[in-house]
Amino acid sequence: MAFIKLSNVEVSFNADFNKSIRRRFFNKSEVKKIVALNNINLEISENEKVGIIGGNGSGKTTLLKTIAKIYEPINGSVQVEGKVSSLIDITMGLDEEANGYENIYLTAWQNIIPTKYIKKNIKKIIEFTELKNSLYRNVKTYSSGMKMRLASSIFINLKPEIFICDEFFSVGDANFKKKFEKKMKDIIKKSGIFIFASHNIKEIHKYCNRKITLSKGKIINDERI
Amino acid sequence: MNNLKTSLFLQIQYIYKFHFTWFNPAIHDLKIKYRKTILGPWWNVITNIIFLTILSLLWSKILNLPIRDYIGHVYIGLIIWIYLNEVVNSSLSLLTDKYSNYYKNSFIPLLTLNLRNIFLNFIIFLHNLPLIIIFMILNSAEITDYFLLFIGLVFLFINSFWLSIIVTFFGTRYLDVKALLIGLMTLGTLITPIMWKKEMLGKYSELIYLNPFAHFIDIIRDPVINNSLNIYLILTNFIFSVIGFLIVFILLKFKGHRIVFWI
């Protein structure tokens, strides 16, 4: 059973992070601390599809990264039960010098998806990308839309226990987007917990059954929808 | 895996369990790196041989040494030095450049990226192995020497692994470290016995072992060139491995969770 519990979580970092040895040790000046998440208490249980909404800098991505264990809080605790698949930056780790086909494998390995899974699903993935012959071209020649198509297609057959996404429904053109959304609905349905950060309230209402509103690193509203 | 970022043991467990997250990408990186070349990593071997031949001819005259002894000494020293230099240089900007976006956006242990990086460099280094074996055959090496060579290679890999992690750690935290280490590695080329022999220092010859790189080089060079290996070198390499990973353990324990904020 997938389960997430955050207790009194605080995530903060320095506003003017100092990478100079001289300034760090010999010329110490007061460093402004940014509190990205402030005293967050949150429980998410199996079958909950949670939408996180808030303005820029409200802490949406930080909250996702904290749940995905990319960020560790300086205070409080994060308890996550279940295998997390996080798509925070979908095109991360693409190798521009390699072709699309090679990048399918590379992206999979980097996302802890074994070769066996890709080999089993390669036909479906290639078909889903609709990149056809472009798949054998170097990714550096791709448009950003093509890169999104390629990277997103790898995840179409996943069955994650906890699925975390950050604003990634804007992939490709209208046709591809429609197809992708259909597939995503299927993945979301199969996932134990789905957490999705967005500015778009319509998308949150479309995919989620719970909405959390963040402002200045604090939860200001948490409701069923 | 709750403390993955701060636990060396969990990270080692992770790289064993999910070996495809570093092994396969390293092979991919190698393929891409040399895709547009005819001979691939063998170019490194060819350039090393050309460089070495010229260097040996010249320096054996300057130092008044028989070329047959000198050529193997320089070759082994040089290829290990090139490998270590490449490990240090690539590790410095591993998180600030190559894998910056990847590390910032995924739950990946630091050791995976370092292992991917050194494994790629080690495969390139191993392309020199046929020539090393030729040197050993010419020196009438015995079966124990081949075994000692294997031990030496294992220690080189282990020592370059912790070295790479520490360099990445400080290279990411402090920009000054990059400039400092590049300078130190240039100095290292001169103070490490690559082109000269320790015997030339006379009564000070053992002082070269204050330089850790001399240990990493001699553990391989001794069985290949001298058909012998001082047991002391196995011990010191083992001690370096333990100390190196102890430092990694401490760095990860206390600062492993902050690395992502330094990028």
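**Entry 1: Phe240(B)**

I looked up the contacts of Phe240(B) in this predicted model. Setting aside neighbours within four places in sequence, I found Phe240(B) in contact with Asn159(B), Pro212(B) and His215(B). I placed Phe240(B) in helix H12 of chain B, which covers residues 231-255. I also checked Leu163(B): its C-alpha lies 10.0 Å from that of Phe240(B), with the two positions 77 residues apart in sequence.

Is Phe240(B) buried or exposed? I counted 19 other C-beta atoms within 10 Å of Phe240(B), so I noted the residue as partly exposed. Buried would need 20 or more.

**Entry 2: Glu167(A)**

I moved to chain A and looked up Glu167(A), which sits in the loop between strand S6 (162-166) and helix H6 (174-190). Which residues does Glu167(A) contact, leaving aside neighbours within four places in sequence? I found Ala197(A) and Ser198(A). Ala197(A) is 30 residues away along the chain, yet I read a C-alpha separation of 6.0 Å from Glu167(A).

I entered Glu167(A) as partly exposed, because 18 other C-beta atoms lie within 10 Å and the class runs between 12 or fewer for exposed and 20 or more for buried.

**Entry 3: a sheet in chain A**

I traced an open sheet of 3 strands in chain A and wrote down the order S2-S1-S4, with antiparallel pairing. Strands S2 (33-45) and S4 (75-81) are the edges, each pairing on one side only. I noted an average turn of 25° between neighbouring strands, direction ignored.

How many bridges join S1 to S4 in chain A? I found 6 between strand S1 (residues 3-14) and S4(A), the two strands running antiparallel. For one residue I looked up the partner: Ser7(A) is bridged to Ser77(A) in S4(A).

I then looked for a helix against these strands. Helix H2 of chain A, residues 60-67, lies across S1, S2 and S4 of that chain. I recorded the angle of H2 to S2(A) as about 60°.

**Entry 4: where chain A meets chain B**

I looked up the contacts between the two chains and found 26 residues of chain A touching 21 residues of chain B. On the chain A side, the elements giving two or more residues are strand S5 (84-87) and helix H3 (100-110). Which element gives the most to that side? I entered H3(A), with 4 residues.

I also sorted the chain A side by residue type: 14 nonpolar, 5 polar and 7 charged.

Note on methods
Residues numbered from 1 in each chain as written. Chains lettered and ligands numbered in written order. Predicted model: local features only at pLDDT ≥ 70, side-chain atom pairs only at ≥ 80, totals over all residues. Pairing = 2+ DSSP bridges. Axes fitted to C-alpha atoms, helices over the stretch in contact; angles between N-to-C directions. Contact = placed C-beta atoms within 7 Å. Nonpolar A, V, L, I, M, F, W, Y, C, P; charged D, E, K, R; others polar.
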